[in-house]
Amino acid sequence: MKTLQRTLAIIKPDAVHKRASGQIVSLILENGFNIIGVKMLHLTQQQAEGFYAVHAGKPFFGSLTTFMSSGPCVVLALEKEENAIAAWRKLMGATNPANAEEGTIRKRFAEGIERNAVHGSDADDTARWELSYFFAGYELAK
Ligand code: ADP
Ligand code: MG
């Protein structure tokens, strides 16, 4: 039996601002992910700091959380058979768009290493934590 895996995706404020959300949602659906939760949020700086707490202390933390709270973003709960976390990170492309492969979202939409269009969880435990940061259980479609 195939098991479904979930991951947390964010369309970041740079991509929302340039009206790329629709194209990114289309790519998500065309690549076989189910969207089981979605909300548009304008995070406060404090909420962005909470989400990125793992990066507290990095030189880019202040700038990153200011960027992430600079405008609305679209937060999505994605589900896919077997490998949602790895498949979404592959579709996103490398953190630095200069290193991102052709056909990836970051290659197409990212402006730089910080304003890089999308977020994706990096492991099972972080996906669970990130999903619970933005969604209550009853908000996810069965
Ligand atoms: P990813 O989003 O690919 O998982 P990281 O978890 O390493 O990448 O970093 C989180 C986010 O912080 C990145 O997506 C990017 O927006 C920002 N970031 C990472 N590294 C840098 C950097 N060297 N300078 C500025 N911003 C960065
Ligand atoms: Mg990361």
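Mentor: Let's begin with a term: a nonpolar core is a set of buried residues such as Leu, Ile, Phe and Trp, joined through side-chain atoms within 4.5 Å. Keep in mind that this is a predicted model.

Trainee: Thanks! Which residues touch the most other members in the largest nonpolar core?

Mentor: The general idea helps here: in soluble globular proteins, nonpolar side chains tend to be buried together. In this model the largest core has 21 residues, and I24, F33, W88 and I105 touch the most other members. At least two residues of this core come from each of β1, α1, α2, β3, α5 and α6. Helix α5 (84–92) gives the largest share, 5 residues.

Trainee: What is W88 in contact with, leaving aside its neighbours within four places in sequence?

Mentor: W88 is in contact with T7, L8, A9, I28, F33, L78, I105, V118, H119 and G120. Another core, of 18 residues, lies apart from the largest one, and I36, F51, F67 and V75 are among its members.

Trainee: Now the strands. How many bridges join β1 to β3?

Mentor: When you read a sheet, look at direction, then at which residues face each other. Strand β1 (residues 4–11) runs antiparallel to β3, with 8 bridges between them. Strand β2 (residues 34–41) also pairs with β3 in the antiparallel sense, over 7 bridges. Find V74 in β3: I11 stands opposite V74, and M40 stands opposite V74 too.

Trainee: Why is β3 described as largely enclosed by the rest of the structure?

Mentor: Because 8 of the 9 residues of β3 (residues 73–81) are buried.

Trainee: And S21, is that residue buried or exposed?

Mentor: Buried means under 20% relative accessible area. S21 has a relative accessible area of 16%, so S21 is buried. You will find S21 in helix α2 (residues 21–30). Not counting residues up to four places away in sequence, S21 touches I11, A15, V16 and V74. Two of those names should be familiar: I11 and V74 are the pair standing opposite each other.

Trainee: Last stop, the ligand. Which residues are around ligand 1?

Mentor: Start with the surroundings, then pick out polar atoms. Around ligand 1 are K12, Y52, H55, F60, L64, R89, T95, R106, I113, E114 and N116. A polar side-chain atom of K12 is 2.9 Å from an oxygen atom of the ligand. For H55, a side-chain N or O atom lies 2.9 Å from a ligand oxygen. N116 likewise has a polar side-chain atom 2.9 Å from an oxygen atom of ligand 1. Taken alone, ligand 1 exposes 530 Å², and the protein buries 78% of that.

Methods:
Residues are numbered from 1 along each chain as its sequence is written. Chains are lettered from A and ligands numbered from 1 in the order in which they are written. This is a predicted model: local features need pLDDT of at least 70, side-chain atom pairs count only at pLDDT 80 or more; totals for chains, interfaces and linings use all residues. Side-chain values use heavy atoms; hydrogens and water are left out. Helices (H or I, at least four residues) and strands (E, at least two) are DSSP runs, numbered from the N terminus. Buried means under 20% relative accessible area, exposed over 50%, partly exposed in between (1.4 Å probe, protein chains only). Contact means heavy atoms within 4.5 Å. Two strands pair if DSSP finds at least two bridges between them. A residue is near a molecule or strand if one of its heavy atoms lies within 4 Å of it. A polar contact is a pair of N or O atoms within 3.5 Å; within protein, one must be able to donate a hydrogen and the other to accept it, and residues adjacent in sequence count only if both atoms are side-chain atoms. Accessible areas come from the Shrake-Rupley method with a 1.4 Å probe; for residues, only the protein chains shown count as cover.
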